[in-house]
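This report covers a sheet, the helices beside it and a few contacts of aromatic rings.

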Amino acid sequence: MRITACLKQASAVALTVLLLACTSTTKPGVVGITRQQFLMVPAATVEKMALVSYAQQNQKAREDGKLVTSGAEYERLDRIAMRLRQQVGIFREDTRAWHWQLTLIDAPVINATCAPGGKITFYTGIIHKLALTDDEIAMVMGHEIAHALREHGRERISQAYAQNIITGVALATTNNSQQQIALANQFARYLYTLPNSRQNESEADAVGLELAARAGYNPSSAIGLWKKMAAESGDKSPPQFLSTHPAHETRIDDISALLPKVMPLYQAAPKPEPAAGETSNQPQSQPQPQPPAPKRKSV
């Protein structure tokens, strides 16, 4: 009897933990993302470990002479990031208080990320090789910010922790830097390396599209962006961005289906100035036809 009672109590505790761990990290927005997520590992732990990885990444880039901290290209990204950050409260009010940071690394890599806590990284390769417009940069950046808002990395880490694939999560509270680096390296695999699920990708596409539209960037440019990604992939190994963000034949169709929801937001939003030398992707008003000039009478 005591064994049965203990089992029942243990099951009740496990169910309570499971229910407490299931939540939705964001408000739905007009794109309507409401999926409940399994978030067993505390957000503070994931953000702390992400910050350790982010600092390591930046230190290496600095040592290699690849860290870009000023100049026209950095300022261009910073302007876009600032406009997108102003919209994050639509989905999560608490993320306005994140210590947002931007890193630009001069490397021929087609990749970009946003770590938990708002740590954005872009590589010059994705801008140059794909000849990205401001609108297209906003689509990439919005997509990555959406992963952070939805805490997809924390979700994957929680799943791995529940399966005992990741251990020693309590080490995040230690002051031992080597132990923290070891744990951060475990976390990094789930934050950056392993492919996201199709479900997570669809959510990031949708939330990122709305963020960019509200920030005044044309959401229809996402279609051109993903066509560029597919063309760059070709018969070769996919770019790093696509290897961790798998492209599917339905992606453009899904984005197209969302455009009627987000285009009104874009049309109502203040528009940014285009980058120097760039033609704006914003729809231009068509000139009105002029009536023919009256013929002069001969005298």
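Rings of Phe, Tyr and Trp (for Trp, its six-membered ring) pair if their centres lie within 6.5 Å; planes under 30 degrees apart count as stacked, over 60 as edge-to-face and the rest as tilted. The model discussed here is predicted, and it holds 1 aromatic pair. Trp-98 and Trp-100 form this pair, with 5.4 Å centre to centre and 45° between the planes, so the pair counts as tilted. Trp-98 counts as buried because its relative accessibility is 12%, and Trp-100 counts as buried at 13%.

Charged side chains also sit over aromatic rings, as listed here.

| Charged residue | Ring | Distance to ring centre |
|---|---|---|
| Arg-251 (charged end) | Trp-226 | 3.9 Å |
| Lys-271 | Tyr-266 | 4.6 Å |

The next topic is the sheet. An open sheet of 4 strands follows the order β3-β4-β6-β5, and its pairing is mixed. Strands β3 (67–68) and β5 (112–115) stand at the edges; each has a single partner strand, so one side of each is left without a neighbour in the sheet. Strands β4 (residues 101–105) and β6 (residues 119–123) run parallel and are joined by 5 bridges. Within this pairing, Thr-103 stands opposite Thr-121 in β6.

Helix α3 (residues 72–85) packs on the sheet, where it touches β3, β4 and β6. The direction of α3 makes about 145° with that of β4. Helix α5 (residues 134–149) lies across β5 and β6, and α5 runs at about 30° to β5.

Conventions: Residues are numbered from 1 along each chain as its sequence is written. This is a predicted model: local features need pLDDT of at least 70, side-chain atom pairs count only at pLDDT 80 or more; totals for chains, interfaces and linings use all residues. Side-chain values use heavy atoms; hydrogens and water are left out. Two strands pair if DSSP finds at least two bridges between them. Helices (H or I, at least four residues) and strands (E, at least two) are DSSP runs, numbered from the N terminus. Contact means heavy atoms within 4.5 Å. Axes are lines fitted to C-alpha atoms, for helices over the stretch in contact, and angles run from 0 to 180 degrees between N-to-C directions. Buried means under 20% relative accessible area, exposed over 50%, partly exposed in between (1.4 Å probe, protein chains only). A charge sits over a ring if NZ of Lys or CZ of Arg is within 6 Å of the ring centre and within 35 degrees of the ring normal.
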